[in-house]
Amino acid sequence: MNFNEFRNTVSPKAVALAWTEATSNRMPYVGETIFPAKKKAGLDLSWVKGHTGIPVTLMPSAFDAKATFRDRIGVKRLDTEMPFFREGFKIKEKDRQDILRAIDSNDPYAAQVISNIFDDANNLIEAANVVPERQRMQLIFANGGNVGITIQANGVDYIYNYDPNGTWKASNYFALVGTALWTAGSTADPFADIQTGKDAVAANGGETRYIAMNSTTFRLLRNCDAVKNRFLTVNGLSLGYLSDADIVNVLKDTMGLAGVIIYDKQFRDEDKTVTKFVPDGYVALLPEGPVGNTWYGTTPEEADLMGAGTGAEVALVNTGVAITQIVDEHPVNINTYASEIVLPSYERMDEVALLKVTA
């Protein structure tokens with residue numbers, strides 16, 4: 001196998017194809033469903049955010065009088081610049097010689113060596129997928145009710161405030177205290193708390209169809225007397241231990257929900273600390289369908305290196321993640337990069353409510 005044959009084996013096109021085939025049956029991130037991916041050119045992101053609002057009655061008017069003109073209800077345009085992410089790995093001269101030696105000698109581990117290279121590339125793609133999911137979950141599970149995205153790494157700070165006036169926090173965020181906390185099993189009333197959130201959403205013309213949390217928060221429900229008593233009332237059974245299915249069914253039946261989402265995926269942050277996408281102690285109330293979009297911009301690699309004669313190979317995966325391969329001639333190194341420009345819009349944020357159920 002010569003250099004060109006080896007490079008073709010681990011080319012961005014081959015990596016993209018392998019990734020697509022390997023992940024065709026994977027379970028998507030929750031955020032991929034409620035913030036579907038879309039593509040746009042450049043860095044700028046604009047969207048219209050609005051309080052959907054309940055209908056407002058027409059103003060009364062006398063005959064032969066001019067009509068009263070009304071303002072649009074809470075609609076405003078939000079503009080920002082999308083952040084850029086890029087990271088890569090290098091196949092050095094020594095690495096390549098080891099690989100070629102293994103292949104030429106029919107080493108039984110040669111296939112594993114090639115597989116490891118694909119694993120490196122796949123890890124870059126998976127890392128690229130973590131970025132938007134982290135952003136989306138920061139919006140849904142807003143820390144302290146402050147809706148925004150904060151990412152700090154390598155001396156670069158990305159801070160995006162989606163609720164600059166605090167209007168969403170004032171109307172759609174509820175931090176429980178004292179005996180209402182879900183850790184106070186004998187006095188907490190999760191049904192009343194969820195109803196409070198549903199009422200806030202309804203006041204904006206929305207309808208709550210799902211609630212979402214992680215398993216740690218979900219387990220708190222099991223210890224709430226209100227949930228146990230409701231199960232007894234509905235089913236006529238007294239159980240010492242409620243299963244997850246029991247709790248889900250009681251929540252769905254009592255609160256008129258279509259489903260309960262338990263989301264426990266994790267990632268490693270910039271400090272390599274394992275972190276939950278959904279923090280403990282938060283419950284999100286969600287409507288049917290998407291609440292926003294995940295917007296991918298055009299990376300420099302896609303814009304400038306995809307054409308013939310650039311000396312680079314570029315392939316796109318997942319709407320906007322560019323996999324780029326460039327060969328350094330001296331020393332001969334194969335450099336593979338993953339890059340993306342990505343940021344969610346959150347058009348239906350007023351149809352989402354958030355409960356903070358622990359101290």
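Let's start at one bridge. Isoleucine 211 has valine 260, in strand E9, as its bridge partner. That pairing belongs to a longer contact: strand E8, residues 210-213, and E9 run in the parallel sense over four bridges. Keep in mind that this is a predicted model.

Now zoom out to the sheet. Five strands make up an open sheet, in the order E7-E17-E12-E8-E9. The pairing is mixed. Which strands stand at the edges? They are E7, residues 173-175, and E9, residues 259-262. Each has a single partner strand, so one side of each lacks a neighbour in the sheet. From one strand to the next, the twist averages 15 degrees.

What packs on this sheet? Helix H8 does, residues 215-222. H8 touches E8, E9 and strand E12, which spans 282-286. The direction of H8 makes about 110 degrees with that of E8.

Next, the interior. The largest nonpolar core holds 53 residues. Six of its members touch the most others: Ile140, Phe141, Val147, Tyr162, Tyr346 and Leu354. Helix H5, residues 110-140, supplies the largest share of this core, with nine residues.

Take phenylalanine 141. Leaving out residues up to four places away in sequence, its contacts are Ala212, Met213, Val278, Pro279, Tyr282, Val283, Ala284 and Leu354. There is also a second, separate core. That one has 28 residues, including Ala188, Leu242, Ile247 and Ala353.

On to charges. How many salt bridges does the count come to? Eight. I'll go through three.

First up, arginine 209 and glutamate 288. Their side chains meet in a salt bridge at 3.9 Å, N to O. The cut-off is 4 Å, so this pair counts. The two residues are 79 apart and link distant parts of the chain. Arginine 209 sits in the loop between helix H7, 190-203, and E8. Glutamate 288 sits in the loop between E12 and strand E13, 293-296. Are these two buried or exposed? Arginine 209 is partly exposed, at 24% relative accessible area. Glutamate 288 is partly exposed too, at 44%.

Then arginine 222 with aspartate 244. Here the closest N and O atoms are 2.4 Å apart. This pair, 22 residues apart, also links distant parts of the chain. Arginine 222 lies in helix H8, the helix that packs on the sheet. Aspartate 244 lies in helix H10, residues 244-255. Arginine 222 is buried, with a relative accessible area of 11%. Its partner, aspartate 244, is partly exposed at 42%.

And lysine 276 with aspartate 280. The side chains meet at 2.8 Å, N to O. Lysine 276 is partly exposed, with 33% relative accessible area. Aspartate 280 is partly exposed as well, at 38%.

Last, the whole chain. The secondary structure amounts to 11 helices and 17 strands. The chain has 359 residues, and 44% of them count as buried. What about contact range? Among contacts with a separation of 6 or more, 76% join residues 24 or more positions apart. The accessible surface comes to about 18,500 Å². Carbon and sulfur atoms account for 52% of that surface.

To recap: an open sheet of five strands with helix H8 packed on it, a core of 53 residues and a separate one of 28, and eight salt bridges.

Terms used:
Residues are numbered from 1 along each chain as its sequence is written. This is a predicted model: local features need pLDDT of at least 70, side-chain atom pairs count only at pLDDT 80 or more; totals for chains, interfaces and linings use all residues. Side-chain values use heavy atoms; hydrogens and water are left out. Two strands pair if DSSP finds at least two bridges between them. Axes are lines fitted to C-alpha atoms, for helices over the stretch in contact, and angles run from 0 to 180 degrees between N-to-C directions. Contact means heavy atoms within 4.5 Å. A nonpolar core is a set of buried Ala, Val, Leu, Ile, Met, Phe, Trp, Tyr and Cys residues joined through side-chain atoms within 4.5 Å. Buried means under 20% relative accessible area, exposed over 50%, partly exposed in between (1.4 Å probe, protein chains only). Accessible areas come from the Shrake-Rupley method with a 1.4 Å probe; for residues, only the protein chains shown count as cover.
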